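Subject: Handover of the two-chain structure

Dear colleague,

I am passing the structure below on to you, together with an account of what came out of going through it. Please read the notes with the sequence and the coordinates open beside them.

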Amino acid sequence: MCYYNGQKVSRSEYIRLMELEKAVANYNFLDKDVQEGFAYGPSAVLKPNDLKSNFDIVQMEWGFIPSYLKTREDVKKMRTGYKDVAGKYHPPLTTLNAKGEELLFPGKMYRDATLKRRCLVLSTGFYEWRHIFPKNKRTGEPLKTAVKYPYYISLKEQEYFYMAGIWQPWVDRQTGEEVDTMAIVTTDANYLMKQVHNSKNRMPTILNNELAWEWMMDDLTEKRITEIATNQYPTDQMQAYTIDKDFRTSVEPARAFTYEELPNLEVINAT
Amino acid sequence: MLFENESFESELEGVKLRIEEHSIGETIVFRVAFSDARNPLTVSKMNTPSGKIWMSIPQGRQREAEKIGEIITEHFKTK
């Protein structure tokens, strides 16, 4: 047995804690003040070098900040919603994800980045909620409030994979802060994700190695950009299983957890 | 929203907290910013022989970690 923070832990857990300690020390949390309300975390991103001969792995702030926003206060207003001087309410605008089929629409805030700054977001897997509406025991009708079950979704036999992204450098005109921000591109859910993310029917645009390289490095026509941006990764190459509802505070968030009452996903090897 | 890391605000003993979820490798940690002059704190829930316990990473701020850990647990329980 070893001790960490005065708590008895196993030797293997101690090693894990020491490794985590090193990882935390090297991790860029992009710390902000409490009052600033900074909410969106950094992510590992591949972006091409200037000559597009190779790429760098960098951290970017997840949550695209359009260049017309001048200060963090403006960003906060966009993300949380606000009332203008006339009392009109402007609802929150989230820019974590960008719809692949709409990226190049005229006037769209993502258009310029889509044409000039495409990147790849590294992932080992992601979490999504499946909504199940229990039936009223008396009437048999579905209840209005869904019970939500978390799933962990990843690719079969691939430790990590790429999601299409677009990025935007941004400067706070008040403080001079410089940050690269990005949004993950999404597409219509495939057969598997339609069942898991059944409230939105969307999924990230996952790219195989060839498409990933093409997306990041090649000069593409608008038609081809939209084709790749709406690429639907095949169901039979993906896997999904339920995890503990407490996964966010779990030591192993991706550990499988079974819910007896939950109907199985339908044949997931269909495309 | 797809795979969004959580962040929320809370309060502990009159101090405002901004709590952000981050994934480092396979581990989820929470970064806590304080409205007073304290340095940010990183906490994670770890296995011990007496059960799962919130830990400060690195060592040294265990009492804060346990108090804030309770707030995080409560937040997700009532979400």
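A definition is needed before the arrangement of helices and strands can be described: axes here are lines fitted to C-alpha atoms, for helices over the stretch in contact, and the angles between N-to-C directions run from 0 to 180 degrees. Please also keep in mind that this is a predicted model.

With that convention, helix 1 of chain A lies across strand 2 (15-24), strand 3 (27-34), strand 4 and strand 5 of chain B, and its direction runs at about 165° to that of strand 4 of chain B. Helix 1 of chain B, residues 62-77, also packs on the sheet, where it touches strand 1, strand 2, strand 3, strand 4 and strand 5 of chain B, and its direction makes about 120° with that of strand 5 of chain B.

The sheet itself is an open one, built from 5 strands of chain B in the order 1-2-3-4-5 with antiparallel pairing. Strand 1 (7-12) and strand 5 (51-56) of chain B stand at its edges with a single partner strand each, so one side of each has no neighbour in the sheet. Averaged over the sheet and with direction ignored, neighbouring strands are turned by 30° against each other. Strand 4 of chain B, residues 41-48, pairs with strand 5 of chain B in the antiparallel sense over 6 bridges, and Asn47(B) stands opposite Lys52(B), which belongs to strand 5 of chain B.

Turning to the interface, 37 residues of chain A are in contact with 42 residues of chain B. On the side of chain A that touches chain B, strand 2 (7-9), helix 1 (11-26), strand 9 (126-132) and strand 13 (202-204) of chain A each supply at least two residues, and the largest share, 6 residues, comes from helix 1 of chain A. Sorted by class, this side of chain A has 17 nonpolar, 10 polar and 10 charged residues.

Helix 1 of chain A therefore deserves a separate look, given that the largest share of this side of chain A comes from that helix. Its 16 residues should span 22 Å at 1.5 Å a residue, and the end C-alpha atoms are 23 Å apart, which agrees. Glu13(A), Leu17(A) and Leu20(A) are buried in this helix, and, seen down the axis of helix 1 of chain A, the buried residues fall within an arc of 65°, so they line one face of the helix. What covers these buried residues includes strand 1 (2-4) and strand 2 of chain A, along with strand 2, strand 3, strand 4 and strand 5 of chain B. On the other side of helix 1 of chain A, the exposed residues are Arg11(A), Ser12(A), Ile15(A), Lys22(A), Ala25(A) and Asn26(A).

Helix 1 of chain B can be described in the same terms. For its 16 residues a span of 22 Å is expected at 1.5 Å a residue, and its end C-alpha atoms are 22 Å apart, which agrees. Ala65(B), Ile68(B), Gly69(B) and Ile72(B) are buried in helix 1 of chain B; seen down the helix axis, the buried residues fall within an arc of 120°, so they line one face. These buried residues pack against strand 1, strand 2, strand 3, strand 4 and strand 5 of chain B, while the face turned away from the buried side carries the exposed residues Arg63(B), Glu70(B), Glu74(B) and Lys77(B).

As for chain A as a whole, it has 6 helices and 15 strands, and its C-alpha trace spans about 55 × 55 × 50 Å along the principal axes. Of its 271 residues, 30% are buried. Strand 8 of chain A, residues 118-123, has 5 of its 6 residues buried, so it is largely enclosed by the rest of the structure. Strand 8 runs antiparallel to strand 11 (residues 161-171) of chain A, to which 6 bridges join it, and Cys119(A) stands opposite Gly165(A) in strand 11 of chain A.

Lastly, Pro92(A) lies in the loop between strand 6 (89-90) and strand 7 (97-99) of chain A. Pro92(A) is exposed, with 10 other C-beta atoms within 10 Å, and, leaving aside residues up to four places away in sequence, it touches Arg79(A), Thr80(A) and Gly81(A).

With best regards

Definitions and conventions. Residues are numbered from 1 along each chain as its sequence is written. Chains are lettered from A and ligands numbered from 1 in the order in which they are written. This is a predicted model: local features need pLDDT of at least 70, side-chain atom pairs count only at pLDDT 80 or more; totals for chains, interfaces and linings use all residues. Two residues are in contact if their C-beta atoms, placed from the backbone, lie within 7 Å. Helices (H or I, at least four residues) and strands (E, at least two) are DSSP runs, numbered from the N terminus. Ala, Val, Leu, Ile, Met, Phe, Trp, Tyr, Cys and Pro count as nonpolar, Asp, Glu, Lys and Arg as charged, and the others, Gly among them, as polar. Two strands pair if DSSP finds at least two bridges between them. A residue is buried if 20 or more other C-beta atoms lie within 10 Å of its own, exposed if 12 or fewer, and partly exposed in between; C-beta atoms are placed from the backbone. The expected span of a helix is 1.5 Å times one less than its number of residues. The arc is that of the directions from the helix axis to the C-beta atoms.
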